[in-house]
Amino acid sequence: MLINDELFEKLSKIKFKPGGVDGSNWLISKSGIDKNKNILEISCNTGLNAIKLAQKNGSNIYGIDMNRELIERANKNINKYGLSDLICTKTADYREIPFDDESFDIVFCESVLIYFVNLDKEKILKECFRILKPGGILLVHDLVVEKLDELQLNKMRAITNLYLYPIDRKRWIEIFKKAGFFRIEQKLGNLILFNKADLLTDEAFKSLMRIVKKEISPRSIKRFMDIRDYFDIDKRSFKYILTAATKK
């Protein structure tokens, strides 16, 4: 992922999700989560998702992130809420997850795979399969495209200043099956990320507004609006995709 300007350095504090909070809730509804389940969150960011899960379910949660600074922020938040007995974090590469085989009942992977080339997507999914217990479930929240040619892809990268690697639904199903998952349930919907109407109802919006008001220059705000408008106009090409994939 390429983050080399003020806008995305600041926005890295927020974990935007293509399907918003409703998408995350759909995944949770498929998880069978309870206090006896061991959970891994890939790309735990500042720890807020893990905190909510621990507060609601009392589950043991492990969070990994490739960004050391975000892990430090996550630990501060976890300590602030007095949840260090339930949540542990570490810096790790998602392609080589540092846990033993069959360690987890549930793995969450939200807004992650879009940033990895297809080969790395496959590596991450295979690692998720490896660390899940038999009957365990992988929950993925990401972006899907109906059709995206090279010209569109380059335009998207130029506007966002991010190297994104979207794939279509057929390819998503292929890589889940290739990783070994046998029951794959999916849900698609209109993109909430950067959508003018839906963004107003999403949990990330308040955090975004706080950062915009305090930390981001007018030039970067305009760039954010340009990105939002791009996804809003081209919403037919981009959708969110939710996947609940089970290991035998």
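Select residues 38–42, 48–57 and 60–65 together: in this predicted model, these are strand 1, helix 3 and strand 2, and the three elements form a β-α-β unit whose crossover is right-handed. To check the handedness in the viewer, turn the view until the strands point away from you, and then follow the path from strand 1 over helix 3 to strand 2, which runs clockwise.

Next, hide helix 3 and keep the two strands, since their pairing deserves a view of its own. Strand 1 and strand 2 lie parallel to each other and are joined by 5 bridges. One place to centre the view is I39, whose bridge partner in strand 2 is I61.

Now add residues 104–110, which make up strand 4; this strand also runs parallel to strand 1, and 4 bridges connect the two. Here the residue to pick is I42, which stands opposite C109 of strand 4. Strand 1 thus has strand 2 and strand 4 among its pairing partners.

With strand 1 still selected, switch on a surface coloured by accessibility. How many of the 5 residues of strand 1 are buried? The count is 4, so that under the cut-off of 20% relative accessible area the strand is mostly covered.

Finally, select the whole protein chain, in which 10 helices and 7 strands are found. Of its 248 residues, 51% are buried, while the area that the chain exposes comes to about 12,200 Å², with 50% of it supplied by carbon and sulfur atoms. If you draw the contacts between residues at least 6 apart in sequence, 81% of them join residues at least 24 apart.

Notes: Residues are numbered from 1 along each chain as its sequence is written. This is a predicted model: local features need pLDDT of at least 70, side-chain atom pairs count only at pLDDT 80 or more; totals for chains, interfaces and linings use all residues. Side-chain values use heavy atoms; hydrogens and water are left out. Buried means under 20% relative accessible area, exposed over 50%, partly exposed in between (1.4 Å probe, protein chains only). Two strands pair if DSSP finds at least two bridges between them. Contact means heavy atoms within 4.5 Å. Accessible areas come from the Shrake-Rupley method with a 1.4 Å probe; for residues, only the protein chains shown count as cover.
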